[in-house]
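Biologist: Could you take a close look at one part of this model for me? I would love a connected account of a single helix and its setting.

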Amino acid sequence: MATQPITANQAFTYRRSPSATEAFEAWLKEHGQELPKHTHPWDVSRSDIYVEDRWQPIFAEMRAKAPVNKVTGTPYGDYWNVTTVQAIQHVEALPDLYSSSWEHGGITIGDPPEDIDPAKLEERRLPMFIAMDRPHHTGQRRTVAPAFTPGEIEKMAAEVRMRTQAVLDSLPWGEQFDWVDKVSIELTTGMLAILFGFPWEDRRLLTFWSDWAGDVELGLARGLEDTRFEILSEMAHYFQRLWMERVGAPPSRDLISMMIHSEAMQHMSPQEFMGNLVLLIVGGNDTTRNTMSGIVHALDTFPDQREIFENDTSVIPNAVQECIRYVTPLAHMRRTALHDAELFGQEIKAGDKLVLWYISANRDEAVFKDADKLIVTRENARRHLSFGYGIHRCVGARLAELQLKILLEEMHERRMRVRVTGKAERVRANFVHGFRKLETTLEKF
Ligand code: HEM
């Protein structure tokens, strides 16, 4: 949290560089040899397998031989790989046994540095209900959930469509450009800015912050955690300022104002309010962004499936589900066992870390036939686990689906075929799964 007192009109400079990737790459040049090594063949926390897109056979082997297995001595300590649909649903259905709480380690594979002072840790924590257990989770989720009901989402559709049309109409035809920058980032940040009333001119800060917030591997780069904390403090500062501006103003249609003026909000501390605001805006950012990039990459990889989409708009709702399955924008969530338990024949001990690999479950052949193929008419595409499962299942799922459906509809309306004609650079991470750059060219179909 920001440590200095804040007033609504206070001038403050927010840094916009370096990006998390630039900072990490610079760090690697100097300290690469200090990075702990991944030696276990099933240690899938190594980020090279995601950036090089060669994680599939490792998970396939685990699913076949040992769907729940323990790896030890990794840079992220010891952890259990949970790799199938059935096993992940089982774990997520027992939230009182398998905790999401930050107190036990939170929701990603990374842990805070062992030598960090607990007071410093508490100071650095932004409370978010994704990293809370019942009953706190229940109350806070209930506060924001009304903003995401089907009725509320429908009200957002017109704005989302207008924004999508404007972005697609601004693109050059027949000339190579980066889809990530011009479409995925532009659309996601623009839409979040509209829906939350986030200042338009600063919308790219959302990408900057969400990349610093979501980069789990930065935790291994000793020395960068202070920079990360400072940047996330600036983010908290910015949101606190927005909150202060809105709290005294009459209710308006944006989601921040709706949250401030809701009955349930009265019971949340300003810090919790801020944490949850950040969760909503930042959590909805890189996930949706990477799906928008992943969709065009997937359609380009499977031209037969692109043809089905181009010939028949009625497949779009199912194609959205299938693309979300195929892309899996968040590779994992983590849980920590609170008691000893048996899990699919394995003995889990209290305190053990379990990593739920959605990226693997979404390729589970027991549920998805030809799972490595994109099949836009796949009957059970909706069974994907990209949004998680159980009490923490993504609150923003319907909003994400709406944005992606409208994107495909508007691409179709313009008879827009997006060809990957240049570099496709993936994110180097074991948590956020997606593209940093995707060089594309538009053709008419
Ligand atoms: C394709 C896009 C998205 C993906 C893949 C995604 C994925 C996820 C996942 C995996 C979880 C955790 C589920 C679990 O632990 O079982 C989650 C939770 C959450 N997501 Fe999303 N998300 C997306 C978009 C969004 C959007 C657009 C928003 C908000 C505007 C959002 C807000 C949240 C919140 C608030 C939670 C916490 C829910 C809870 O703990 O009860 N997400 N999301």
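Modeller: Happy to; here is a walk along helix α7. This is a predicted model, in which local features need pLDDT of at least 70, side-chain atom pairs count only at pLDDT 80 or more, and totals for chains, interfaces and linings use all residues. Residues are numbered from 1 along each chain as its sequence is written, and side-chain values use heavy atoms, with hydrogens and water left out.

Helix α7 covers residues 150-169 (helices, H or I, have at least four residues and strands, E, at least two; both are DSSP runs numbered from the N terminus). With 20 residues at 1.5 Å a residue, α7 should span 28 Å, and its end C-alpha atoms are indeed 28 Å apart, so the two values agree (the expected span is 1.5 Å times one less than the number of residues).

Along the way, α7 bends by about 35° at M156 (the angle between axes fitted to the seven residues ending there and the seven starting there). M156 is also one of the buried residues of α7, where buried means under 20% relative accessible area with a 1.4 Å probe, protein chains only. The others are E152, I153, A157, V160, R163, T164, V167 and L168.

What lies over them? The cover of these buried residues includes the helices α8 (179-196), α11 (255-260) and α16 (397-413), together with strand β9 (416-426); contact here means heavy atoms within 4.5 Å.

Note on methods. Buried means under 20% relative accessible area, exposed over 50%, partly exposed in between (1.4 Å probe, protein chains only).
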